[in-house]
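User: I'd like a close look at one part of this model: the helix packing at its centre of interest, and the empty space around that packing. Go through it in one connected piece, please.

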Amino acid sequence: MKIEGAVAVVTGAGSGIGRSIATALAAAGASVVAGDINAEAAAETAAGFGGVGVGADASSVDGIAELLDAAREAYGPVDIYVANAGITGAPGLGDDEAAWDRIIDINLRAHIRAAKAVVPEWVERGTGHFVTVASAAGLLTQLGAAGYSVTKHAAVGFAEWLTITYGDQGIGVSCVCPMGVDTPLLRDMSDSPDAGMRVAANAVTHAGNVVGPDDVATLVVQAIGQGSADGSFLVLPHPEVLEMYRHKGADYDRWIAGMRRYQRTLG
């Protein structure tokens, strides 16, 4: 994928990783629509590079259509879609069915709905790149928050399916799986009044260095430029995640026992 001259949509671009990816894509020569549920934050991000900011719910079919229509009207057909918007959800098992529906919608169905909207057009054109911003939790697990762990696993699985299914038709897919990133989401977890959510945050911050969102964005832009056919499916801002993942696969029971011990030390 040639980024210069491409048209990109980035969801959850009002802050954190989304804002950094949108800014980095614009710096690389793309025309970028910054989407966020917070219209003011989306506009602020877009103003930083002269793009278009759209307040839209990236988890809904109508919201995705609004983002794509804004991009087509301003710049033309969309070449890159970055499904970045995400939430932590409730701690533990969660007591509210509606909260489970919400995190599944935002962290998973948003990706499915977006892919359904852009991939058929990309197949016809023979090019396009889909970026799933998941988490190391999608390869490992997330202590303290079942909804987050489950939906990030599912997001990784969907991205994997996309690249297997459409990789031979010119469609690139990258799956971003960081551990700790200095974003409002992580800070909210760390400052949460809920002890379980603080354990979830500590599990992330104690497992490795907390990197900046700009570091993640740099790797994402590199991955898009390379194309997933060249080995850039997994984007790992924390390279040690791959080794952890290998240990998990090598001896699942031992890994689970180790995670239980880790949880006890954090608790």
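Analyst: An axis here is a line fitted to C-alpha atoms, for helices over the stretch in contact, and angles between N-to-C directions run from 0 to 180 degrees. This is a predicted model, where local features need pLDDT of at least 70 and side-chain atom pairs pLDDT 80 or more, while totals for chains, interfaces and linings use all residues. Numbering starts from 1 along each chain as its sequence is written, and side-chain values use heavy atoms, leaving out hydrogens and water.

Let's hang everything on α4, which covers residues 97-125. (Helices are DSSP H or I runs of at least four residues, strands are E runs of at least two, and both are numbered from the N terminus.) One of its partners is α3, residues 61-74: the two axes come within 9 Å and cross at roughly 40°. That crossing angle makes α3 oblique to α4 (under 35 degrees is roughly parallel, over 145 roughly antiparallel, 65 to 115 roughly perpendicular, the rest oblique). The handedness of the α3 and α4 crossing is right-handed, meaning the near helix is turned clockwise from the far one by less than a right angle.

Who touches whom? From α3 you get V61, I64, L68 and R72, and they meet A110, R113, A114, A117, V118 and E121 of α4, with contact taken as heavy atoms within 4.5 Å. Sorted by class, this α3 contact with α4 has seven nonpolar residues, three charged ones and no polar ones. (Ala, Val, Leu, Ile, Met, Phe, Trp, Tyr, Cys and Pro are nonpolar, Asp, Glu, Lys and Arg charged, the others, Gly included, polar.)

Now for α5, residues 146-166. Here the axes are 8 Å apart and the angle is about 10°. That angle makes α4 roughly parallel to α5. The α4 and α5 crossing is right-handed too. On the α4 side, the residues that meet α5 are W100, I103, I104, N107, L108, H111, I112, A115, V119 and V123. Facing them, α5 brings A146, G147, Y148, V150, T151, K152, A154, A155, F158, L162 and Y166. The α4 contact with α5 breaks down into 16 nonpolar, four polar and one charged residues.

On to the empty space. On a 1 Å grid over the protein atoms alone, a cavity is a set of points where a 1.4 Å probe fits but cannot get out; a pocket is an open set with protein on both sides within 12 Å along at least five of seven lines, and lining residues have an atom within 4 Å of a point. Volumes are the space filled by probe spheres on the points, which are joined across faces, edges and corners.

The structure has two cavities of 30 Å³ or more, and α4 lines both. The largest cavity has about 60 Å³ of volume, and its lining is G89, A90, G92, L93, G94, D96, A99, W100, I103 and G147. With three residues, α4 gives the most to that lining. W100, I103 and G147 also appear in the α4 contact with α5. The classes in the largest cavity's lining are five nonpolar, four polar and one charged.

The second largest cavity is about 40 Å³, with T11, A58, Y81, A83, N84, A85, A110, H111 and A114 around it. α4 again has the largest share, three residues, while β4 (80-83) is another element supplying at least two. You've met these α4 names already: A110 and A114 are in the contact with α3, and H111 is in the contact with α5. No charged residue lines the second largest cavity, where six are nonpolar and three polar.

Last, the largest pocket, with about 960 Å³ of space. Its lining has 38 residues, and those closest to the centre are N84, A85, G86, I87 and L185. N84 and A85 line the second largest cavity as well. Helices α1 (16-27), α4, α5 and α6 (184-190) each supply at least two lining residues, and α6 has the largest share, with five. By class, the pocket's lining has 18 nonpolar, 14 polar and six charged residues.
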